[in-house]
Amino acid sequence: MASNRFFINYLIIFIITFSIINCDNSTEPPKENPPEKIKLFVNEFMASNRTTIADESGQYDDWLELYNREDTNISLKYFYLTDDLSGKQKWNFPDTFILPKKWLLIWCDEDSLQGPLHANFKLSLSGEQIGIFTFDGKAVDTLTYGPQRQDTSFGRFPDGADYWKFMIPTPNNTNR
Ligand SMILES: [Ca+2]
Ligand SMILES: [Ca+2]
């Protein structure tokens with residue numbers, strides 16, 4: 001009788017332990033962040049560039065700056081950039097990457113023949129949208145902005161934060 005009870009107790013403990021282990025397995029977090037949770041940001045942009053910075057062809061075109069807030073490289077080849085949130089896959093990034101806590105400048109000039117980092121849209125001075133999306137349409141970072149000022153950028157402060165302001169342009173460098 002006593003050994004029967006011991007056996008039943010043992011069995012119950014075994015079942016409970018097994019359930020906990022099983023439960024743990026089923027709720028184990030994924031090994032990598034889902035792409036849409038990646039800390040990749042549109043960090044700063046300029047929709048009216050007359051004198052601030054020229055591209056490889058000497059043209060003062062619109063630009064935007066990306067920021068990688070992750071501690072690891074972000075490969076961009078499966079991400080898309082757009083100036084219209086209803087058209088999520090307007091421009092596919094080239095096969096390049098951003099180093100941790102670093103920036104990457106994208107020219108918004110419709111000059112794809114000038115290099116891999118030239119998107120197929122420009123930024124409207126009167127206000128528009130900018131979005132980064134995954135290859136399967138999930139939003140990584142999206143924003144809608146109002147009227148912009150010539151040779152003044154609009155950016156997050158500090159880098160990758162939620163707060164936006166007009167600023168002295170810092171292309172490929174930390175926002176201030
Ligand atoms: Ca250009
Ligand atoms: Ca910057």
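## Fold outline

Along its sequence, the protein chain of this predicted model runs in the order α-β-β-β-β-β-β-β-β-β-β-β-β, which amounts to 1 helix and 12 strands (DSSP runs, H or I over at least four residues for helices and E over at least two for strands, numbered from the N terminus). Residues are numbered from 1 along each chain as its sequence is written, while chains are lettered from A and ligands numbered from 1 in the order in which they are written. Because the model is predicted, local features need pLDDT of at least 70 and side-chain atom pairs count only at pLDDT 80 or more, whereas totals for chains, interfaces and linings use all residues.

## Confidence

The average pLDDT (the predictor's confidence in each residue, from 0 to 100) is 89 for the protein chain, and 80% of the residues score at least 70. The pLDDT falls below 50 over residues 20–26, a stretch with 0 contacts beyond near neighbours in sequence (a contact being two C-beta atoms, placed from the backbone, within 7 Å). Residues 29–33 are also below 50 and have 1 such contact. Where pLDDT is low, the predicted coordinates should not be read in detail.

## Nonpolar core

The largest nonpolar core (buried Ala, Val, Leu, Ile, Met, Phe, Trp, Tyr and Cys residues joined through C-beta atoms within 7 Å) has 28 residues, of which F45, L66 and I106 touch the most other members. At least two core residues come from each of β1 (40–46), β2 (62–68), β4 (79–82), β7 (103–108) and β9 (128–134). Leaving aside residues up to four places away in sequence, I106 touches W63, L64, L66, L81, L117 and A119.

Note on methods. Buried ≥ 20, exposed ≤ 12 C-beta atoms within 10 Å, placed from the backbone.
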